[in-house]
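Ready for some practice with charged side chains? Take a look at the structure, then work through the exercises below.

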Amino acid sequence: MRSRKTWWWAAVLVLGVGVAVVCFREPRGGDSSSNPHVRAAETQQARARFAPLLAPHAEGSLRITGVVRDARGPVAGVQVSASRVDADTLSERPCPQQPSDHRHASPWLHHGNCCFVEMAAGFARWVEAREGEAPVVAQTLTADDGTFVLMGLSAGAFTLWALGDTGATVRPGIPAGSDAVLLLLEPGFFFSGRVVEELTRAPVPGAQVTLIHEDGSRFFDALTDAQGRFRAGPLPAGRYLKVASAKGWRTKSFDDDDVWRDADTDVTLELQRRTRLEGLVLTPEGLPASGLDVHLRPTEEGGDTSSTRTDAHGRFVFEEVSVAPQELWTQARDGTTHGEAWVTPPGNVVLRMKPSWSMEGTVRDEQHRPLAGVRLRVSSHRLGGQPPPATLTDAAGRYRLGLLLNPAINLELMREHYIDRLEPVSLGKAHEGPWDFTLTRAQQFEGRVVDTEGLPLAGAQVTLDMTHDVPERLFRSHFPEDGIAESDETGHFFVDSERKGSGRVLVTARGFRSVLLPVEVPSTGVRVVMSRGASVSGEVLDATGRPVSNAKVWLWNTAPRSGDAHRADVDAQGAFSLGGLEPGHYVVEARLRTPGIERAVSQPLDLEERTQATVSLRFQEGRTVRGMTVDSAGQPVPAVRIQACLLLEDVPAWQTDAPDCFPGGEGGILSGLDGRFVFKHLTAPAYRLIAWKEGEAFAPSRSRGGTPDTTALLVTAGKEDVRLVLERRPRLRGQVVSDNGTPLPCEVRERSPWVHAPDGTFKLPLPEDGPARIQVRAKGFLDLQREFVVSPGTDIDLGTLRMSRGRTVRFRVLDEATRAPLAGVSVGFDPLSDPLTPLGHALPSHYGNLDAEGGIALEGVPFERASFFISVHTNAETEKEVVLDATQETVTVLVPGPER
């Protein structure tokens, strides 16, 4: 009962003071009320508090024993736990493009960020449902002498976690039954930040932030306080996926930019509010369309598709959708009509369906014989992210292609051994008879790929090029494609070419040397022999000799203009391998991105034919640079971001890229509350230190401990006491009032994002010297702009900014024959340049669907003569120019109806 009471008192304390917390999850399937592992950030140091632990249900009879130490000796009271990944944990779930049995790689680690966009919605959904977390199967606290015993383990390897008040560590791959395991408690790091609303940047209190350790799939939770701030830690080093959620907000996941976190981190996570979207679907004739499925999908950053159905009156509702741009669409079950719109909830949208186009015809060869199996596909706009309309010709060469959204399309025709054809088609114009096409026979290039022993190679990529003006060394990296094929299980390939004559073919296969051959097209019976060539394997270690699983390995060909670089992933044991290499001089390099610096270690390597080289890359401990960020008076400036960059002359010549080194964003290490910072593992002779913080300017010339230049402080070996000076940036002040002189609530920005000024008073830091511009907006008033020039150290007071009221003009679009409103029709309003319109007021534009009365309201129109270009999208687009006088507030526009 005592542990239960302790948990409730911790919860009351958290709710009472609104502090951020990080919770270490109980074992999967355990009783959360009796396992109160709560770490509360009660002070700025976020001192950890632990209640007594309840041992998980025993799964086996084995155990792991050991000791937890830090640099001073054994550490008591440290939470030690054992977890194990399985097929359901996040780290084992494959990228969407990988085969279903591809279970050995972490999606955002070994595949980089290539699949994060595709999996982001899935990550958010899984974490919100508490799925994908590695189960904790045993846990305990260390004794006074730092020893621990984890009981009830089944056979196999486990990941051990040590989480203490002053540090943390993680060790994977510890077999059950191991004794005297040493867990060296490292300082760990704190993960802090804020959760804000995406558009207004207002804080989101009470949001949950879940940090997922990428390799171990361990979840760490934190709650935001009244200012939207959270702080979790100390956490073990690693890469972390972040998921933020709150009631009434869309749960969202954020990747970690491939950074290995081992220093304090501060981030901003943006959430989208959820709201309600209502709507009405009409038939092309303007009648309610009942029983139709309506779909909604975010247009940015991926996201799941939501669906609902129209009622008997054609109405539909989406109860909880993000306040973000969305695509809305529907289509009749027989595919004869469709409707779509782009909306930003909340609101009430009318969707008027339009007839879908279709086409039919026959495809033949040059001898006018019908061709079966020709694939016809529309390459233009498609509905709601669905696959583009496509079909195949039948045995008689006939086809029918339906659900075409627009009369003007680009039609692709493709068939093996024939030249692909791209045909622009205008269905809206008069066309007698069917749409018939002719395909031309391609030139044949056919053969087999085998290894040096004559065995067939499947999966080799064969790329054909018929150009002759590409240098050979560049040819391999920038290969123009005339035809591409892949060898089958017998090694056979067949490439189609539009042209005949002399060309080149590049054949590549994993683990084999690339082959570049001159060829003649057409050709048959070509035999390509591939050699396994040289190979490199090795391991990546840290300075203490432990495997590093989080590095990236590059193999650089140092030959001039080679353009050749190979990349390998490192497994959990720090091992990597590369094969199919040509003889030559190489440099093998391991890189590790950490906050504020990218570490690297390299080794030259000479490869001969069939060489099987083995290397060991060991990161150096390097030196440490300590310093402070201070203001002009020498007082500490906290939360400054600092980056250490290589000098350009120290970037190796064989590297085709170098780490970015620009101030801005949320990179770098953070200086603490006392302004102090530490850079470890510096191995180059010199580094350029850059620093930045909102509202402050880095002053290298006033800094100490190095040699200043215009943007950085050059710090060489032997410099250990660095002072980075930040000067207060000039501020921009002003007071916004309405046309009658009263303070006006508004939004102001000198750069993004917009800043809300509730009483019209604003004070903004200015980013840099020179010309700048401010924008002001307020509902019912015309947008205002002011230009000014920023001088070093000088505040700018714009004084009183008076905004002029604008008018709202309501347009009604009617059928010119029936005077019926064209409800739900898509329209566009674009301002026209008019010499009678005084300069200085930007006219608004608008794109969307007309409401149920055929109307649309255009806000922010000045009380001046104005001209608009209106396009109405029915079956055929209608365009009109409308001129408003200086006072007009309602306009009727007559256009041909959909049936005409």
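A salt bridge here is a side-chain nitrogen of Lys or Arg within 4 Å of a carboxyl oxygen of Asp or Glu. Keep in mind that you're looking at a predicted model.

**Exercise 1. Get to know the chain.**
Find out how many helices and strands the protein chain has, and what share of its residues is buried.

*Solution.*
- Step 1: Go through the secondary structure, and you get 3 helices and 69 strands.
- Step 2: Turn to burial: of the 900 residues in the protein chain, 48% are buried.
- Step 3: Look at the outside, where the accessible surface is about 42,700 Å², with 50% of it belonging to carbon and sulfur atoms.
- Step 4: Check the contacts between residues at least 6 apart in sequence: 64% of them join residues at least 24 apart.

**Exercise 2. Test a pair against the rule.**
Work out whether glutamate 319 and arginine 276 form a salt bridge, and which strands they lie in.

*Solution.*
- Step 1: The closest N and O atoms of glutamate 319 and arginine 276 are 2.8 Å apart.
- Step 2: The cut-off is 4 Å, so the pair counts as a salt bridge.
- Step 3: Glutamate 319 sits in strand E21 (residues 315-322), while arginine 276 sits in strand E18 (residues 274-282), so the salt bridge ties together parts that are 43 residues apart in sequence.
- Step 4: Arginine 276 is partly exposed, at 35% relative accessibility.

**Exercise 3. Strand meets loop.**
Say where glutamate 859 and lysine 779 lie, and how exposed glutamate 859 and lysine 779 are.

*Solution.*
- Step 1: Their side chains meet in a salt bridge, with 3.3 Å from N to O.
- Step 2: Glutamate 859 belongs to strand E66 (residues 855-861), and lysine 779 to the loop between strand E60 (770-777) and strand E61 (784-790), so this pair links parts that are 80 residues apart in sequence.
- Step 3: Glutamate 859 has a relative accessible area of 44%, so we call it partly exposed.
- Step 4: Lysine 779 reaches 70% and is exposed.

**Exercise 4. Buried or exposed?**
Sort aspartate 70 and arginine 72 into buried or exposed.

*Solution.*
- Step 1: The two side chains meet in a salt bridge, 3.8 Å from N to O.
- Step 2: Buried means under 20% relative accessible area, so aspartate 70, at 16%, is buried.
- Step 3: Exposed means over 50%, so arginine 72, at 78%, is exposed.

**Exercise 5. Count them up.**
How many salt bridges are there in total?

*Solution.*
- Applying the rule gives 34 salt bridges.

Terms used. Residues numbered from 1 in each chain as written. Heavy atoms only, no water. Buried < 20%, exposed > 50% of the residue type's maximum accessible area, 1.4 Å probe, protein only. Helix = DSSP H or I, 4+ residues; strand = E, 2+ residues; numbered from the N terminus. Contact = heavy atoms within 4.5 Å. Areas by Shrake-Rupley, 256 points an atom, 1.4 Å probe, with all protein chains shown as cover.
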